[in-house]
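Here is a set of exercises to work through at your own pace. Keep the structure open beside you and try each task before reading its solution.

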Amino acid sequence: MIELQPNALCFGDEFPASGAPCLVHVEGQGLTITFLSDREGVVGHTESVGFSDLTISAGGLDHNQLVASWSGSVEQRTLYLKSPELIRAFRQAAPAHLNRPLEQAAEQVRQVRQRHRFVWGLVGGTVFAVILGLWFGSDVLVELAVNRIPIEWEQKLGESAYREFLAGQDVMKEGIAVDAVKEMTQRLASQVPNNPYRFDVTVVRSDVVNAFALPGGYVVVFTGLMKKAESPEEVAGVLAHELNHVLRRHGLERIIKQLGFVAVVSIVLGNPPGLGGAMKQFGIELMTLKFGRAQETEADTTGLDLLYRAKIHPEGMITFFQRLTEKDEGRVEWLSTHPMSSARADHLKARLAEMPKQQSEPFSFEWTKVRDALGVSSGSAP
Amino acid sequence: MKSEILYPGAFPMARVELGNGEQIKAESGAMVACSPTIDIESKMEGGFLGALSRKFLTGEKFFFQTLKASRGAGEVLLAPTVPGEIVVLELDGVNEYMVQKDGFLAGADGITIDSQMQSMSRGLLGGEGFFILKMSGKGMLLLNSFGAVHKIELKPGQEYIVDNSHLVAWSTTTSYNIEKATSGWVASFTSGEGFVCRFRGPGVVYIQSRNPGGFGAWVRQFIPVTE
Ligand SMILES: [Zn+2]
């Protein structure tokens, strides 16, 4: 009695349908197949087949088994080889005429493996994407990335965009309107605790109704927006809103969201430079960066609080926003980057109602003079 | 290790005798009774990730139980959840079987259980999920079915078509394609589309004489719908 460990299955009419376990040896001229008898571990009879009689292919559930078949002395035999060592031995010993079918079988196995890898990759990728979606949905990853960006770097990013933009504009260097905007900004900025930003404000002569604040604290106010304002408190309301976009780093959040995962990972892993280049590549313009609804609400709320602390009457903010949204006001650029909604106005009103009444402090300039300097006919002033 | 099927037919039970120190893997919840010498451990076959992937991808229970005769020889009684036959297969190290996820009842310690991914199209169309269990190694394997088990023997190149939901197990020397069932295959009260497997020999295919999904649909029509 010799203990036999079968390494292949043989099929034929006299064998059970599940195949007869057998021990296959690769020899110089062909295969020797030793069958196990019915009793476990007892050696049964042996058959031999020459390589020249074999037809081979790939088979089995995953097409990864080597199938060798031949017409035996009695009947058709089919052998299923799965063990890699056995298949290797077979390929080494097989004569030239079997090389082509062996190659084809090997190719089939490779294709199956590749398909498996592809499917696994797809499954893995899908899981990854879902996790990613969850993270982006809750903005955890974005926040993480934003927190890692140093202020100086943010300032560099904002400043280069600021200079580039102003180079093509009619900048108002001095005058009562410039002084007025600077005074408003200073009053607001002085009320920001631990302010890391040095706000830089420029007034641009243009009929475009707009104002924006770039990351790092670079603020641009268009005279078109100032002309629409009936009181300095209204302009201050827009400024307070803009400054809070800067303080809350909303611009960075938007940039990172738009640049996507790669940028986020590179920042989180400590490699923020290159973001400017990536932004150029993706055509992200800081000036036209549209803020999200949650960011607008946040800037409104914190802006209103800031006005209150600076003792500037906060009602101006609300009336101005409302007037800008009215249809007969014409095209208002500012609204395209700061989407307005009735919910926003209601929210502001409710918050204002909760605030204890306080005495506002007037500005040092007269708004009518500012309007005159801007060329608004005094007749239309209230 | 010796096994015996008690009460063969619709409500069978398997008795497995374990020598001192021998152990068996069983589907958790399969054990009915055992000798006091048997210890039960819940073991995660294939490690934590393997168990996790089985849990989420096949809906299979997280653990297999390991029943070990650690305090002397003894016996365990095992029974499946659904009414149906139990079949015993002997694996000798070369023959391997794919088992539909509900078909596994128990296996000797020498049996390796892998969650196997079906190719994408098979999994999507097959309704068995992406994963089935692959049984390899050496030793006794107990499978259970819903209804009676029927064995189909296929010669090399011989083909046979089986309704997907009736599959229990098939040897890995077979190959198969999944095809959309024509209307004749699908019972009128089951909604949705059915699929069939076109098997190609050599090898064996075990099928069950009842379809769990079809049975569920049949039962549901008698359950009053509450608004
Ligand atoms: Zn805004």
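The exercises below concern a predicted model, and each comes with a worked solution.

**Exercise 1. Getting oriented in chain A**

Task: Find how many helices and strands chain A has, and what share of its residues is buried.

Solution:
- Step 1. Start with the secondary structure: chain A has 15 helices and 11 strands.
- Step 2. Turn to burial. Of the 382 residues in chain A, 49% are buried, where buried means under 20% relative accessible area.
- Step 3. Look at the surface that remains. Chain A has an accessible surface of about 19400 Å², and carbon and sulfur atoms account for 52% of that.
- Step 4. Finish with the contacts. Taking those in chain A between residues at least 6 apart in sequence, 63% join residues at least 24 apart.

**Exercise 2. The zinc site**

Task: Which protein atoms are the donors of the zinc ion, and how are the donor residues spaced in sequence?

Solution:
- Step 1. List the donors: His241(A) and His245(A) each give NE2, His338(A) gives ND1, and Glu296(A) is listed with OE twice. These donors lie 1.8 to 2.4 Å from the zinc ion.
- Step 2. Write the spacing of the donor residues, which is H-x3-H-x50-E-x41-H.
- Step 3. Place two of the donors on the chain. His241(A) sits in helix α7 (residues 232–247), while His338(A) is in the loop between α13 (333–337) and α14 (342–354) of chain A; the two are 97 residues apart and link distant parts of the chain.
- Step 4. Check whether they are buried or exposed. The cut-off for buried is under 20% relative accessible area. His241(A), at 0%, is therefore buried, and His338(A), at 1%, is buried as well.

**Exercise 3. A zinc donor with a charged partner**

Task: Find the residue that forms a salt bridge with Glu296(A), and say where both partners lie.

Solution:
- Step 1. Recall the principle: side chains of opposite charge can pair when their charged atoms come close.
- Step 2. Name the partner. Arg344(A) forms a salt bridge with Glu296(A), with 3.1 Å between the closest N and O atoms.
- Step 3. Locate the pair. Arg344(A) belongs to helix α14 and Glu296(A) to helix α11 of chain A, 48 residues apart.
- Step 4. Compare with the cut-off: Arg344(A) counts as buried because its relative accessibility is 4%, and Glu296(A) counts as buried at 0%.
- Step 5. Link back to Exercise 2: Glu296(A) is also one of the donor residues of the zinc ion.

**Exercise 4. Salt bridges with unlike environments**

Task: For the pair Glu14(A) and Arg77(A), work out which partner is buried and which is partly exposed.

Solution:
- Step 1. Confirm the pair. Glu14(A) and Arg77(A) meet in a salt bridge, at 3.0 Å from N to O.
- Step 2. Place the partners: Glu14(A) is in the loop between β1 and β2 (20–26), and Arg77(A) is in strand β7, 63 residues apart in chain A.
- Step 3. Read the accessibilities. Glu14(A) is partly exposed at 48%, whereas Arg77(A) is buried at 3%.
- Step 4. Try a second pair. Arg323(A) forms a salt bridge with Glu230(A), the closest N and O atoms being 3.7 Å apart. Arg323(A) is buried at 14%, whereas Glu230(A) is partly exposed at 38%.
- Step 5. Widen the view: salt bridges that share partners join Glu14(A), Arg77(A), Glu47(A) and Glu75(A) into one network.

**Exercise 5. Where chain A meets chain B**

Task: Describe the contact between chain A and chain B, including how many salt bridges cross the interface.

Solution:
- Step 1. Count the residues taking part: 22 from chain A and 28 from chain B.
- Step 2. Give the area. About 2100 Å² is buried between the chains, 65% of it from carbon and sulfur atoms. In chain A, the residues losing the most area to chain B are Ala17(A), Leu61(A) and Val119(A), together 29% of what that side buries.
- Step 3. Look for charged pairs. The interface has 1 salt bridge, and Lys82(A) pairs with Glu96(B) in a salt bridge at 2.5 Å between the closest N and O atoms.
- Step 4. Add the polar contacts, which number 4 residue pairs across the interface.

Definitions and conventions:
Residues are numbered from 1 along each chain as its sequence is written. Chains are lettered from A and ligands numbered from 1 in the order in which they are written. This is a predicted model: local features need pLDDT of at least 70, side-chain atom pairs count only at pLDDT 80 or more; totals for chains, interfaces and linings use all residues. Side-chain values use heavy atoms; hydrogens and water are left out. Donors are N, O and S atoms within 2.8 Å of the metal (3.2 Å for Na, K and Ca); water is not among the atoms, so sites may look incomplete. Helices (H or I, at least four residues) and strands (E, at least two) are DSSP runs, numbered from the N terminus. Buried means under 20% relative accessible area, exposed over 50%, partly exposed in between (1.4 Å probe, protein chains only). Contact means heavy atoms within 4.5 Å. Accessible areas come from the Shrake-Rupley method with a 1.4 Å probe; for residues, only the protein chains shown count as cover. Buried area is the accessible area (1.4 Å probe) that two parts lose on being put together, summed over both. A salt bridge is a side-chain nitrogen of Lys or Arg within 4 Å of a carboxyl oxygen of Asp or Glu. A polar contact is a pair of N or O atoms within 3.5 Å; within protein, one must be able to donate a hydrogen and the other to accept it, and residues adjacent in sequence count only if both atoms are side-chain atoms.
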